[in-house]
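This report covers a predicted model of a complex. It takes up one helix, then the chain around it, then the confidence of the prediction.

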Amino acid sequence: MSGRVRRSGSLNDTGSLPPDADGMPASGTRARTRPHPGGRVPLAVVLVGGAAALFFFALPLAGLLGRAPWSRLVDDVTSPVARDALRLSLICSVCATALAVVFGVPLAWLLARADFRGRALVRALVLLPMVLPPVVGGVALLRAFSRTGLVGEWLYDALGIQFTFHTSGVVLAEAFVAMPFLVLTVEAGLRAIDTRYEDAAATLGAGQWTRFWRVTLRFLAPSLAAGAALAWARALGEFGATITFAGNIQGRTETLPLAVYLQLETNQDLAITLSLVLLAISVAVLVLLRDRWLGALR
Amino acid sequence: MLSGVTVTARRRLGTAMASVLVMALLGGNAASAELRRPRPKLSGTVTVSAASSLTEAFTEIGAKFEKANRAAHITFNFGSSSTLELQIEQGAPADVFASADLTNMDKLLAAGKVASPAILARNQLEIAVKPANPQHVRSIADLANVGVVALCAEAVPCGKYANQILARAGVKIPPDRITRGQDVKATLTAVSAGDADAAIVYVTDVRAAKSSVEGVSIPEAHNTVAVYPIATLIGGSHLKLAKAFVAYVRSSAAQRILERHGFLAP
């Protein structure tokens, strides 16, 4: 079996060191970049970098926090629209991430380890949703999975399965846009793993699955966690593909971003409150990821 | 032959009467003075924020206007009237605002953002269904029994009109079968490109969507009339050009285009 799937030889040949904790390739020839001895950074870089941090990140955040209706926050968060959207967003984004892991890891494996014709093409195809405008992605999903779509027509006629205007459609749309983030991260992680560890395990009699669970996955865990977090964040924020493909039905397909957009005109306070909820979740995940998962593995 | 001549003559008479009307609207003296003087050359770019139901008609009117005024450029910003109102209120640059209801224009009027609105057209609503009407939708009442119905968001004029129509007809669609579009075009797309079975949109949108949807008319007793006001924005950059465009939209030439797209006369 391993004969058919050839490993990418480059890492074996260069005699590389084990990957470091970040899952980045630790190249034996290039030293890790360190700050200059004096720690000096050109003034222009400080100015431009500082301005970027201020204008692109700090100011929009301040705008959101400054307009927040703090006194009505609890009432707003517990309103039916908010509760439905929050519940849907959490369920769908977690399901989409699970889908992305289940399908994305084998895909990343294939791209990282298998040598086949058209690999570049497959990779480009997989990464397409990252660069495609989400609305276009939604239209593409419609053409494939709607009741009159390429596969959707058959699914509906033969099995009665309909993704559009259904929560499963939200999961599908979110997985579609989120999976590339996982594939890309996991593929990089796989490429960084020194295959000699797996070879050594094989010589000790470990079967393919044992090697995967006890060797590969150990090294892959940080990349997998990072990829899953990225995919989850992308799924949580998904708007264009969702509203185009799955529609906007409260309690069924109206996720947080959709609710934010539509409430902006009827109830701006609620829209901002919902935005803050999204913000809080994102911050919580960033913190959790850093300290718990990635930190523990370091 | 004879009837052809009569029609042309009648049409000419109609045009003449319409231009008299426009002159009267512009203020008799100013209009006649303008006719005597060579027309001042209009130049610059104006941004017109218009209700998305005006997309096709205004695009055509804008092209005609630009053709007549080579140095003038019209940039359109189509969206739901409520979104556009919000954008303008929060300082988005626009020179002309055309709304699909009076409410959003009134909001800007109250905020001191627009001056002297005028009515440019009226519109009615219709049920849009898939071609050949596979669900056999005949009336508003049928909407309670088809799959998913697309309506505009409740803040959007077409969403408010749809709610009025449903209330008037005494029809209640279960909330879990209503998908809300961010504007009327998105709402119609749910039927034309998606799996929604019906939508309540403007008559003009059904006509603009050509063969991708079919219209089922709503009886007068339940239907509602959407009134479209237009106004120039106070503090816009090219007030003269903006005013000229508003005047053009209300001219007989533009009114004919609006009529052809299914709008009713103001």
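Helix 8 of chain A comprises 26 residues, residues 167–192. At 1.5 Å a residue these should span 38 Å, and the end C-alpha atoms lie 37 Å apart, which agrees. The axis of helix 8 of chain A nevertheless bends by about 35 degrees at Ala178(A). A proline, Pro180(A), follows within four residues of that bend.

Is helix 8 of chain A enclosed or open to its surroundings? Of its 26 residues, 22 are buried, so the helix is largely enclosed by the rest of the structure. A residue counts as buried here if 20 or more other C-beta atoms lie within 10 Å of its own.

Chain A as a whole contains 13 helices and zero strands, and its pattern along the sequence is accordingly written with α elements throughout. Of the 298 residues of chain A, 35% are buried. Among its contacts between residues at least 6 apart in sequence, 75% join residues at least 24 apart.

The confidence values for the complex and for chain B are as follows.

| Item | Value |
|---|---|
| ipTM of the complex | 0.71 |
| pTM of the complex | 0.77 |
| Mean pLDDT of chain B | 87 |
| Residues of chain B with pLDDT of 70 or more | 85% |

In chain B, pLDDT stays under 50 over residues 1–36. For this segment of chain B the model has 11 contacts beyond four places in sequence. Where pLDDT is low, predicted coordinates should not be read in detail.

Definitions and conventions
Residues are numbered from 1 along each chain as its sequence is written. Chains are lettered from A and ligands numbered from 1 in the order in which they are written. This is a predicted model: local features need pLDDT of at least 70, side-chain atom pairs count only at pLDDT 80 or more; totals for chains, interfaces and linings use all residues. pLDDT is the predictor's confidence in each residue, from 0 to 100. Two residues are in contact if their C-beta atoms, placed from the backbone, lie within 7 Å. Helices (H or I, at least four residues) and strands (E, at least two) are DSSP runs, numbered from the N terminus. The expected span of a helix is 1.5 Å times one less than its number of residues. The bend at a residue is the angle between axes fitted to the seven residues ending there and the seven starting there. A residue is buried if 20 or more other C-beta atoms lie within 10 Å of its own, exposed if 12 or fewer, and partly exposed in between; C-beta atoms are placed from the backbone.
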